[in-house]
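Colleague: Could you walk me through this model? I'd like to go question by question.

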Amino acid sequence: QVQLAESGGGLVQLGGTLRLSCVVSGSIFSVFPVAWYRQAPGKERELVATIGSGGLTSSYADSVKGRFTISRENTKNTVYLQMNDLKADDTAMYYCAGARSMKQISTPDYWGRGTQVTVSS
């Protein structure tokens, strides 16, 4: 059974930084594309960033381009989301998700439970 576990969320001030981690267990992690999603109260879930199984391809939502960086260490079964210059609109629950292929990343097969990020002024 595939399991994803996020960590690294917390309370941070405007302009601050956080690094989220997602550890994948129970499967051959290296073949999975992985995405970070987020959802704020009263808002729809948003795809934030994706990364291919080899770590060579990535994509970002316009709202985070230039501020967030997704990366992975397949030897550690871990995907990261480095978040810089955080804004109030970044406040949300962040979820890690995995899919069998990049074509399916918008409808992931596996989800973590999420980690809360709160940006304060």
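Modeller: Sure, and keep in mind that this is a predicted model. One cut-off before we start: buried means under 20% relative accessible area, exposed means over 50%, and partly exposed is in between.

Colleague: Okay, then how does Glu46 count at 27% relative accessibility?

Modeller: Buried would need a value under 20%, and exposed would need one over 50%. Glu46 has 27% relative accessibility, so Glu46 counts as partly exposed.

Colleague: And which side chain meets Glu46 in a salt bridge?

Modeller: The closest N to O distance in that salt bridge is 2.8 Å, and the cut-off is 4 Å. The partner is buried, with a relative accessible area of 6%. That partner is Arg38.

Colleague: Which residues do salt bridges with shared partners join into one network?

Modeller: We've just met two of the members, Glu46 and Arg38, as a salt-bridged pair. Through shared partners, the network is made of Arg38, Glu46, Arg67 and Asp90.

Colleague: How many salt bridges are there by this rule?

Modeller: Besides Glu46 with Arg38, Asp62 pairs with Lys65 at 3.2 Å, and both Asp62 and Lys65 are exposed. Glu73 also pairs with Lys76, at 3.9 Å; here Glu73 is partly exposed at 30%, while Lys76 is exposed at 51%. Those are just some examples, and the count comes to seven.

Colleague: Now Arg72, which is buried: how far away is the nearest side chain of opposite charge?

Modeller: Arg72 sits in strand S7 and has no salt bridge. A salt bridge would need a nitrogen and a carboxyl oxygen within 4 Å. The nearest side chain of opposite charge belongs to Glu73, and its distance is 10 Å.

Colleague: Which side chain does Arg72 join in a polar contact of 2.8 Å?

Modeller: One polar atom of the Arg72 side chain lies 3.5 Å from the oxygen of Ser53, but that oxygen belongs to the backbone. For the side-chain contact of 2.8 Å, the partner is Asn74.

Colleague: Is Thr50 buried or exposed?

Modeller: Thr50 is in strand S5, and its side chain makes a polar contact of 2.5 Å with the side chain of Ser59. Its relative accessible area is 5%, so Thr50 is buried.

Colleague: Let's move to the strands. Which residue in S8 is the bridge partner of Leu18?

Modeller: S3 and S8 pair in the antiparallel sense over six bridges, and S7 and S8 also pair in the antiparallel sense over six. On the S7 side, Phe68 stands opposite Met83. The bridge partner of Leu18 is that residue too, Met83.

Colleague: Which strand gives the most to the largest nonpolar core?

Modeller: In soluble globular proteins, nonpolar side chains tend to be buried together. This core has 28 residues, and those touching the most other members are Trp36, Val48, Phe68, Leu81, Met83 and Tyr94. Strands giving two or more residues include S4, S5 and S7. The one giving the most, with four residues, is S3.

Colleague: Last one: what is the handedness of the disulfide between Cys22 and Cys96?

Modeller: The structure holds one disulfide, and it joins Cys22 to Cys96 with an S to S distance of 2.0 Å. The pair links strand S3 to strand S9, 74 residues apart, and both cysteines are buried. The torsion about the S-S bond is about -75°, so the disulfide is left-handed.

Note on methods:
Residues are numbered from 1 along each chain as its sequence is written. This is a predicted model: local features need pLDDT of at least 70, side-chain atom pairs count only at pLDDT 80 or more; totals for chains, interfaces and linings use all residues. Side-chain values use heavy atoms; hydrogens and water are left out. A nonpolar core is a set of buried Ala, Val, Leu, Ile, Met, Phe, Trp, Tyr and Cys residues joined through side-chain atoms within 4.5 Å. Buried means under 20% relative accessible area, exposed over 50%, partly exposed in between (1.4 Å probe, protein chains only). Two strands pair if DSSP finds at least two bridges between them. A disulfide is a pair of cysteine sulfur atoms within 2.5 Å. Lys and Arg count as positive and Asp and Glu as negative; His and the chain ends are not counted. A polar contact is a pair of N or O atoms within 3.5 Å; within protein, one must be able to donate a hydrogen and the other to accept it, and residues adjacent in sequence count only if both atoms are side-chain atoms.
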